[in-house]
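Reader: I would like a close look at a single part of this model, namely the buried interior and the side-chain pairs around it. Please take it slowly and connect the pieces as you go.

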Amino acid sequence: MPARFALLLPLAVTGVLRAQAPVALPTGGLPPRNDSIYALRVDPSAYTGHDYVLLLEDGLVRLEADGRGSYTLRQVAQVLTQEGAEDWGELSLWHTPGRQAIRLNWMRVVDRDGKVLSDQPAHQQEMSRPAEPGSPVYSDRRALQATAAGIAPGTILDYSYTIEVVRPWLPGDFLHYWDVNGWTPVRRSRFTVDAPADMHVRVREKNLSFA
């Protein structure tokens, strides 16, 4: 097996984080029911004007020299308002069939007391992008649409999905973004790139307020 290296970017954010660091993202199953990341829940009164807070945003990219690879994302969102519940009640995960394979690793809803309300989506289906009126453009992109059960203000949504590139456009062709300083508060953020040791991976930082 060729040598590999991992570029780990643990991105610090404001606030005192007493919970332990999240473990490496799995590609299936469920996180522990008492996952320490849930202890990062916030006081909604301190986040007036926000519909939700991301307790965790954890991304893992695996790259291969021939262009194949995968992207796994885990997000843990604390819902603060009814508008936030509507935003997170249904997820649309876009991919290109034939070139990419997608799977929903898990979708969990936890109440304010830590009780698990649901360990799986209430509904899951694939859908196509609707045509634009007036000037429709063909697209072969499809979305895996998943509906979360029990989402309401005060609950936490914990979900993860993986997109695998099975037929790349070009060898070594990849592009990934990771944002940490947007409008939405993020309590903990981490982005890991796992690539062959001889692959030249260029990283560009913009507007970071920390090393």
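Author: What follows starts with confidence, moves to the core and its aromatic rings, and then turns to one histidine and the charged pairs.

The model is a predicted one, and its mean pLDDT is 83, with 81% of the residues reaching 70 or more. The stretch of residues 10-27 has a pLDDT below 50, although the model gives this stretch 40 contacts beyond near neighbours in sequence. Where pLDDT is low, predicted coordinates should not be read in detail, and those contacts over residues 10-27 are therefore best left without a detailed reading.

Turning to the interior, the largest nonpolar core holds 31 residues, and the members that touch the most others are Trp88, Met107, Leu157, Tyr159 and Tyr161. Two or more residues of this core come from each of the strands β2 (52-63), β3 (69-79), β4, β5 (100-110), β8 (142-147), β9 (156-165) and β10 (189-196), and also from α1 (82-88). Another core, of 12 residues, lies apart from it and includes Tyr38, Val76, Val110 and Val116. As a general matter, nonpolar side chains in soluble globular proteins tend to be buried together.

Met107 shows in some detail what surrounds a member of the larger set. Once its neighbours within four places in sequence are set aside, Met107 is in contact with Leu91, with the run Ser118, Asp119, Gln120 and Pro121, with Ala146, Thr147 and Ala148, and with Leu157, Asp158 and Tyr159. Of these partners, Leu157 and Tyr159 are also named among the core members that touch the most others.

The aromatic rings give a second view of this interior. In the whole structure 5 aromatic pairs are found, one of them being the edge-to-face pair of Tyr52 and Trp88, whose centres are 5.2 Å apart and whose planes make an angle of 90°. Because Tyr52 belongs to strand β2 and Trp88 to helix α1, this pair ties together parts that are 36 residues apart in sequence. Trp88 counts as buried, at 8% relative accessibility. A further edge-to-face pair joins Tyr71 and Tyr161, at 6.4 Å centre to centre and with 70° between the planes. Here Tyr71 lies in strand β3 and Tyr161 in strand β9, so the parts tied together are 90 residues apart in sequence. Both rings count as buried, Tyr71 at 18% relative accessibility and Tyr161 at 11%. Ring pairs link Tyr52, Tyr71, Trp88, Tyr159 and Tyr161 into a cluster, and three of its names, Trp88, Tyr159 and Tyr161, recur in the list of core members that touch the most others.

A polar residue can be followed in the same way. His95 has its place in strand β4 (residues 90-95), and it is buried, with a relative accessible area of 3%. Its side chain is joined to that of Glu126 by a polar contact of 3.5 Å. Beyond its neighbours within four places in sequence, His95 is in contact with Gln100, Ile102 and Glu126, and also with Arg141, Arg142, Ala143 and Leu144.

Glu126 leads on from the histidine to the charged pairs, for Glu126 also forms a salt bridge with Arg142, in which the closest N and O atoms are 3.0 Å apart. This pair links distant parts of the chain, with Glu126 in strand β7 (residues 123-128) and Arg142 in strand β8, 16 residues apart. Glu126 counts as partly exposed at 41% relative accessibility, and so does Arg142 at 26%, whereas His95, which contacts them both, is buried.

The whole structure contains 7 salt bridges, and one of them joins the side chains of Glu164 and Arg103 at 2.7 Å, N to O. Glu164 in strand β9 and Arg103 in strand β5 are 61 residues apart, so that this pair, too, links distant parts of the chain. Glu164 is partly exposed, with a relative accessible area of 31%, and Arg103 is partly exposed as well, at 29%. Another salt bridge brings Asp66 together with Arg68, the closest N and O atoms being 2.7 Å apart; Asp66 is partly exposed at 36%, and Arg68 is partly exposed at 40%.

Key:
Residues numbered from 1 in each chain as written. Predicted model: local features only at pLDDT ≥ 70, side-chain atom pairs only at ≥ 80, totals over all residues. Heavy atoms only, no water. Helix = DSSP H or I, 4+ residues; strand = E, 2+ residues; numbered from the N terminus. Buried < 20%, exposed > 50% of the residue type's maximum accessible area, 1.4 Å probe, protein only. Polar contact = N/O pair within 3.5 Å; in protein donor to acceptor, adjacent residues only side chain to side chain. Contact = heavy atoms within 4.5 Å. Core = buried A, V, L, I, M, F, W, Y, C linked by side-chain atoms within 4.5 Å. pLDDT = per-residue confidence, 0-100. Salt bridge = Lys/Arg side-chain N within 4 Å of Asp/Glu carboxyl O. Phe/Tyr/Trp six-rings, centres within 6.5 Å; stacked < 30°, edge-to-face > 60°.
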